[in-house]
Amino acid sequence: MATPKPRVKVPKTASAGEIVTVKTLISHEMESGQRKDQNGNAIPRKIINKFTCTFEGEPVFSCDIDPAIAANPYFEFAAKVEKSGTFAFEWVDDDGSVYTADAKIEVN
Amino acid sequence: MNKKKPVLAAAIGLMAAMAIGPAQSDPVDDKLVIDGELEMVTRTKAPEGSPFEEVLSGWLYRTEETRALEADSFQNPGMLYVERGEEIWNEVDGAAGKSCASCHGEAASSMKGVGAHYPKWNAAAGKPYNLELKINDCRTANMEAEPYKFDAADQKALVTYIKHQSIGMPMEIDLSAGDMQSWWERGKERYYLRMGQLNLACATCHENYNGHYIRADHLSQGNVNGFPTYRLKQANMVSLHNRFRGCIRDTRATPPKAFSDDLMALEVYVTWRGGGLSIETPAVRQ
Amino acid sequence: MKLTRREALVLSAGAALIAFAGGRAGPAFAGAAETDQAIKDFTGGTEPQSGRITLTAPEIAENGNTVPVSVYVESPMTAEDHVASVMLLAEGNPNPDVATFHFTPMSGEATATTRMRLAKTQNVVAVAKMSDGSVYVDRKEVKVTIGGCGG
């Protein structure tokens, strides 16, 4: 697949102090390093090894990722929002690439 | 580990599943509603001449977790390929400097319903065309681009995107056009043809034994309304002709080539068998 | 239609061949000892208790390549008292590590869902480490099946 593309889903609005559900998905093969090619050579590992979510710079949720996470990694978690602001999401690839996304939420 | 164990287990499993006492497990009684909004037809009256009274979507044969994946368009990993397909739709490719969008505009309107009526009679070619063949035709004739190789990542994504524009619409093909009827008949013959070292026809599993387990697999009617489909096994989109070939390979037969007359006829026939089911692309299967 | 005896035998033989070929060249599996060591490294040796943490996974996974899994830990999630991390392990994989989730009071609730790979039927383990250093564990066996034709 082409460059990994993140998708994120956060409610557009919430009331202050509400706990909302955050869903994230990114296209990535998550090559585990356990597989062999047709000639019997090990296919090198290439996975997303770290995912983080912050809200206005404050850490909300993060995850250290091993090759046992399935292709096209999906993470769903909760966030408590007190004020309007922006969630920032970051996925770090074994090759050093960083994929990012963000989502605004209005709190009233 | 004892190497003999899986052999015995497999042999006993299959005997138990298929010969001694077939484990019957009915498809679930559940409704597929995508995102709580779009209600899908997963059960409908079979077309006249069908061996079934009711045709059932493969979704009804899957576990609760797999069904839930398809019901949430955000969680459904197939939607990543729909998004990639949208990019391709708008990408200029080939000597004519055109994208799909150059001629067809917004796919949401121009392609709505299109995928639900394929395969379709193509008079110029004198045979039925599926979306893959139609796209390649368009690429060479109008875009002056290279045709996609079978199962190229972009081919799967673009077909998924175009088919997805018909999500929720009934799958329905026109057998009165051109020579479609004779292709239907050829496909029917192929469906009941026993093949391979295991001597299985499509019908053995999907007509006679649907609802039973073959080892751990819950056999469905083999309907095609969800293709290209996201398969958990491959963690990727799987095209219909890839699945045809995989199934035939598993009977220990040499599979016909993708888009060969044999498989095009089979596509016509099995599409007819599932007529009336909603297009689910991208469906999620095991 | 019923399968004839010959058909059933041919089927069994075919499946047996596939199963045999598939079973031969498997990678080494982690096992319980390596999992216990990984848990010790994570907890610093604190003995895990049961309760407070719930691991949700299917009893039977339709395909080991994509298995949904969720964890939930009861906690007020305040600065003083919250869940710091949850480690997810799979005893029967070549390497037991699956993922480690890190929470903060801004998480609001210590819950996470993902999809994992399981090489075979095995125990999945979730270990929660609280801000006060206490540790909780939950385990679930997930049966991983093989497709009908080995295909």
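Which residues does A:F87 touch, not counting residues up to four places away in sequence? Select A:F87 and have a look: its contacts (heavy atoms within 4.5 Å) include A:V10, A:C53, A:F55, A:V81, A:D102 and A:I105.

A quick note before you go on. You're looking at a predicted model, where local features need pLDDT of at least 70 and side-chain atom pairs count only at pLDDT 80 or more, while totals for chains, interfaces and linings use all residues. Residues are numbered from 1 along each chain, chains are lettered from A, and side-chain values use heavy atoms, leaving out hydrogens and water.

Next, add A:F51, A:F89, C:V86 and C:F101. Together with A:F87, these have the most contacts inside the largest nonpolar core, which has 57 residues. Such a core is a set of buried (under 20% relative accessible area, 1.4 Å probe, protein chains only) Ala, Val, Leu, Ile, Met, Phe, Trp, Tyr and Cys residues joined through side-chain atoms within 4.5 Å. Now colour strand β8 (a DSSP run of E, at least two residues), residues 98-107 of chain A: with 5 residues, β8 gives the most to this core.

Hop over to chain B and pick B:M171, B:L175, B:L263 and B:Y269. They belong to a second, separate core of 23 residues.

Last stop: select B:E132, B:K163, B:F227, B:L240 and B:E267. Of the 17 residues lining the largest cavity, these are the closest to its centre. A cavity is a set of points on a 1 Å grid over the protein atoms alone where a 1.4 Å probe fits but cannot get out, and lining residues have an atom within 4 Å of a point. Because domain 1 (33-75 + 169-285) and domain 2 (78-164) of chain B both give residues to the lining, this cavity lies between them; the bounds come from an automatic or database domain assignment.

Key: 1 Å grid on protein atoms, 1.4 Å probe; cavity = no way out; pocket = protein on both sides within 12 Å on 5 of 7 lines; lining within 4 Å. Buried < 20%, exposed > 50% of the residue type's maximum accessible area, 1.4 Å probe, protein only. Helix = DSSP H or I, 4+ residues; strand = E, 2+ residues; numbered from the N terminus.
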